[in-house]
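Here are some friendly notes to read alongside the model. They begin with the DNA and end with a helix.

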2 protein chains.
Amino acid sequence: MLTNERHSYILKKLEKKQAVKIQDLVDETGASESTIRRDLTELESQQKLERVFGGAILTRHNLIEQSVTDKSTQNLSEKIQVAQAAAELIKEGDSVFLDAGTTTFQMIPFLQNKNLVVVTNGLTLVDTLNEYGITTYLTGGLFKSKTSAFVGSQTVLAMKNYRFDVCFLGVNGLHVENGYTTPDPEEAAVKQVASSLSRNTFVLADHSKINQISFAKIMDLENAMLIIDSMPSEILDDFRKKTSVKLVHE
Amino acid sequence: MLTNERHSYILKKLEKKQAVKIQDLVDETGASESTIRRDLTELESQQKLERVFGGAILTRHNLIEQSVTDKSTQNLSEKIQVAQAAAELIKEGDSVFLDAGTTTFQMIPFLQNKNLVVVTNGLTLVDTLNEYGITTYLTGGLFKSKTSAFVGSQTVLAMKNYRFDVCFLGVNGLHVENGYTTPDPEEAAVKQVASSLSRNTFVLADHSKINQISFAKIMDLENAMLIIDSMPSEILDDFRKKTSVKLVHE
DNA sequence: GTTATAATCAATCAAAAACGTTCAAACTCA
DNA sequence: TGAGTTTGAACGTTTTTGATTGATTATAAC
């Protein structure tokens with residue numbers, strides 16, 4: 001591996017994980033500890049990262065820049081509020097399905113010390129769930145890089161070995177007539193199955209999704225409880241004829 | 001190969017891989033090191049690429065480049081050499097099981113363009129497999145943070161929906177009498193199942209594992225072919241009475 | 001708290017790899 | 001043939017690398 005390649009590898013991993021360990025880099029690149037140390041020293045002098053004992057972390061500068069450009073942080077405060085409200089619906093000892101997605105990701109910090117078992121099809125959730133000490137099962141299946149989610153028949157098959165007390169789904173569109181929708185049919189299928197295996201289904205959304213229609217239908221409004229940050233009152237009445245709606249600001 | 005031919009070959013490869021090594025170009029074009037150096041110097045003066053120590057990279061985007069590990073036979077750690085030797089046993093279109101671990105991780109760069117389907121229980125492998133454009137299935141199951149592997153009954157259950165042409169396992173100990181061993185019984189179970197579902201089983205190890213005995217037994221030597229960097233000849237004879245051994249340095 | 005143990009660190013050094021330069025041989029094209 | 005170009009090998013130099021050392025820091029045990 002060329003020096004540049006290692007540097008790129010390190011930065012790329014750092015961007016994805018927020019933190020890297022020297023020993024991991026040694027194993028992954030095949031370079032020696034000394035070389036990785038030199039790499040980190042060099043990259044730190046370029047302000048690309050900040051060294052810490054045992055590895056390196058993103059510079060604050062990079063952190064801010066990333067959070068501005070990253071779509072996952074758009075509407076972040078709303079998402080976190082919705083996530084917190086959703087997490088409060090979980091009881092001690094529940095078995096929980098967490099859909100792959102940024103909103104469900106935000107729920108994780110609120111799940112601590114609840115003695116939960118969490119199942120997810122989202123790759124990005126695994127590390128964080130684990131950091132919070134939560135027993136975590138991944139569905140497995142075919143990996144879809146675009147959304148970092150596992151989908152397909154194997155995923156569905158694996159899920160059928162579980163039963164959930166509660167399941168939390170993200171959606172891209174919610175519409176009085178057309179119900180819940182999402183761009184990817186395969187992910188829609190996973191969401192459907194999760195819901196069918198769960199005693200209670202909750203859909204997480206923010207107000208930007210109201211009366212949007214995305215491509216693939218997940219289910220009708222009747223089949224899940226909606227958790228959303230806010231909603232105009234005239235529309236809210238229509239929704240409440242069909243399903244239970246929990247507003248965060250109440 | 002003519003000068004122009006070499007130049008376009010270099011640029012084409014660079015386009016595809018984002019980085020090229022001089023030694024690789026020497027091997028691939030049959031030209032001498034001096035000639036390749038002259039080519040790179042020339043192309044750099046035309047702003048077509050940027051030279052770095054050991055090779056060249058694309059000039060354009062400052063984007064984080066994909067890591068490229070290639071088969072230059074010099075200066076590779078033992079793990080990578082073992083990994084490469086292992087990867088060469090895979091045929092076009094094979095279905096492959098890759099055990100969680102650092103040695104199997106090193107196989108990934110050598111799996112490109114083989115039209116494979118890869119199944120793994122290693123979380124860390126998923127991202128990299130995906131970067132190399134390889135169709136990837138994860139077994140799923142209970143996540144074990146210490147080794148970033150999925151283990152347990154769900155993992156085993158999910159695996160039983162697959163059949164493999166070849167499976168590659170890492171081990172911590174190999175011993176003439178005691179066979180293959182590893183510290184974690186649950187991972188040992190996963191390795192056993194993978195092997196039972198595969199037409200051919202290969203164990204990857206380096207010489208530091210010889211005649212070590214770790215805790216959990218995986219299988220006897222008879223049940224897998226061993227791929228290892230080197231082995232003292234008197235021991236080698238003992239091993240060869242029981243199983244096929246592929247030495248990297250031969 | 002204190003101590004013992006393990007992990008990580010920076011600094012150093014010798015070996016390996018990659019470098020540019022030079023020069024003679026081989027090739028090209030008139 | 002002969003001038004101009006391209007090539008590969010040889011050389012000493014520079015850069016990169018991995019192993020080792022003892023100091024420093026974290027972790028565990030007490």
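1. Let me start with one contact to DNA strand D. An N or O atom in the side chain of B:Thr3 is 3.4 Å from a phosphate oxygen of this strand; a polar contact here is a pair of N or O atoms within 3.5 Å, and within protein one must be able to donate a hydrogen and the other to accept it, with residues adjacent in sequence counting only if both atoms are side-chain atoms. The elements giving two or more residues to the surface near DNA strand D are helix 1 (3-17) and helix 3 (33-45) of chain A, together with helix 1 (3-17) and helix 3 (33-45) of chain B. Helices are DSSP runs of H or I with at least four residues, strands are runs of E with at least two, and both are numbered from the N terminus.

2. A note on the basis: this is a predicted model, in which local features need pLDDT of at least 70 and side-chain atom pairs count only at pLDDT 80 or more, while totals for chains, interfaces and linings use all residues. Residues are numbered from 1 along each chain as its sequence is written, chains are lettered from A and ligands numbered from 1 in the order written, and side-chain values use heavy atoms, without hydrogens and water.

3. Staying with DNA strand D, B:Thr35 places a polar side-chain atom 2.5 Å from a phosphate oxygen. A:Arg38 reaches a base instead: an N or O atom of its side chain is 2.6 Å from a base nitrogen of the strand. Of the 14 residues around DNA strand D (a heavy atom within 4 Å), those that come nearest include A:Arg38 and B:Thr35. Sugar and phosphate make up 56% of the strand's atoms within 4 Å of the protein.

4. Turning to DNA strand C, 15 residues surround it, and A:Arg37 and A:Gly54 are among those that come nearest. Here sugar and phosphate account for 88% of the strand's atoms within 4 Å of the protein. A polar side-chain atom of A:Arg37 lies 2.5 Å from a phosphate oxygen, and a backbone N or O atom of A:Gly54 lies 2.4 Å from one.

5. Last, please look at helix 10 (residues 233-242) of chain A. Its buried residues (under 20% relative accessible area, 1.4 Å probe, protein chains only) are A:Ile235, A:Leu236 and A:Phe239. They lie on the same side of the helix, because they cover an arc of only 105° around the axis, taken from the directions from the helix axis to the C-beta atoms. The face turned away carries A:Ser233, A:Glu234 and A:Lys241, which are exposed (over 50%).
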